[in-house]
Amino acid sequence: MERKTEERSTETARRISIRWKVMQVLGAALIALGLFLDWPPPQEANLPDTSSFLIIVGGLLGTVGLLAALRRE
């Protein structure tokens, strides 16, 4: 019984480790896209440009990944 519980906790820790790494990579990729690609200007004046949006979403995703990593450590 204890072995099954230990296996579950090990599997859960492995899945969380993979999730935060994926969040970090996706966040970095979105930030890089926002910084280095030239996006067309927005169609409406009240909408932010795509580069800013990608940088903000990438930063949020990276922060969530970092917080998930810190929570498990």
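This passage describes the helices, salt bridges and contacts of a predicted model of a protein chain.

The overall picture is a simple one to take in. The secondary structure of the protein chain consists of 2 helices and 0 strands. Helix H1 covers residues 2-36, and helix H2 covers residues 50-72. Of the 73 residues in the protein chain, 15% are buried. The chain exposes about 6,100 Å², and carbon and sulfur atoms supply 64% of that area. Contacts that reach along the sequence are worth a look as well: among those between residues at least 6 apart in sequence, 66% join residues at least 24 apart.

Helix H1 offers a convenient check on its own geometry. With 35 residues at 1.5 Å a residue, H1 should span 51 Å, and its end C-alpha atoms are indeed 51 Å apart, so the expected and modelled spans agree. Within this helix, the buried residues include Ile16, Met23, Gly27 and Gly34. Other positions of H1 are open to solvent to some degree. Ile18, which also belongs to H1, has a relative accessible area of 42% and is therefore partly exposed, as this value falls between the 20% and 50% cut-offs. Together with Val22 and Leu26, Ile18 forms a nonpolar patch on the surface, and the accessible area of the three residues together is about 250 Å².

The charged side chains of H1 come next. The count of salt bridges in the model comes to 2. In one of them, Arg14 pairs with Glu11, with the closest N and O atoms 2.6 Å apart. These two residues are 3 residues apart in helix H1, which means that about one helical turn separates them. In another, the side chain of Arg15 meets that of Glu11 at 3.4 Å, N to O. Arg15 and Glu11 are both in helix H1, 4 residues apart, again about one turn of the helix. Glu11 takes part in both pairings, and Glu11, Arg14 and Arg15 are thus linked in a network of salt bridges. Each member of the network is partly exposed: the relative accessible area is 29% for Glu11, 44% for Arg14 and 47% for Arg15.

Attention now turns to where residues of H1 and H2 meet. Ser51 is placed in helix H2. With a relative accessible area of 16%, Ser51 counts as buried because the value is under the 20% cut-off. Leaving aside residues up to four places away in sequence, Ser51 touches Gly34, Leu37 and Trp39. The pairing with Gly34 also has a polar side to it: a polar atom of the Ser51 side chain lies 3.4 Å from the backbone oxygen of Gly34. Gly34 is itself one of the buried residues of H1, and Ser51 is buried too.

A further pair of positions can be compared in sequence and in space. Ala32 is found in helix H1 and is partly exposed, at 30% relative accessibility. Ala32 and Leu54 are 22 residues apart in sequence, while their C-alpha atoms are 8.6 Å apart in space.

Definitions and conventions: Residues are numbered from 1 along each chain as its sequence is written. This is a predicted model: local features need pLDDT of at least 70, side-chain atom pairs count only at pLDDT 80 or more; totals for chains, interfaces and linings use all residues. Side-chain values use heavy atoms; hydrogens and water are left out. The expected span of a helix is 1.5 Å times one less than its number of residues. Buried means under 20% relative accessible area, exposed over 50%, partly exposed in between (1.4 Å probe, protein chains only). Patches are made of residues with over 30% relative accessible area and no salt bridge: like charges are joined within 9 Å, nonpolar side chains (Val, Leu, Ile, Met, Phe, Trp, Tyr) within 5 Å. Accessible areas come from the Shrake-Rupley method with a 1.4 Å probe; for residues, only the protein chains shown count as cover. A salt bridge is a side-chain nitrogen of Lys or Arg within 4 Å of a carboxyl oxygen of Asp or Glu. A polar contact is a pair of N or O atoms within 3.5 Å; within protein, one must be able to donate a hydrogen and the other to accept it, and residues adjacent in sequence count only if both atoms are side-chain atoms. Contact means heavy atoms within 4.5 Å.
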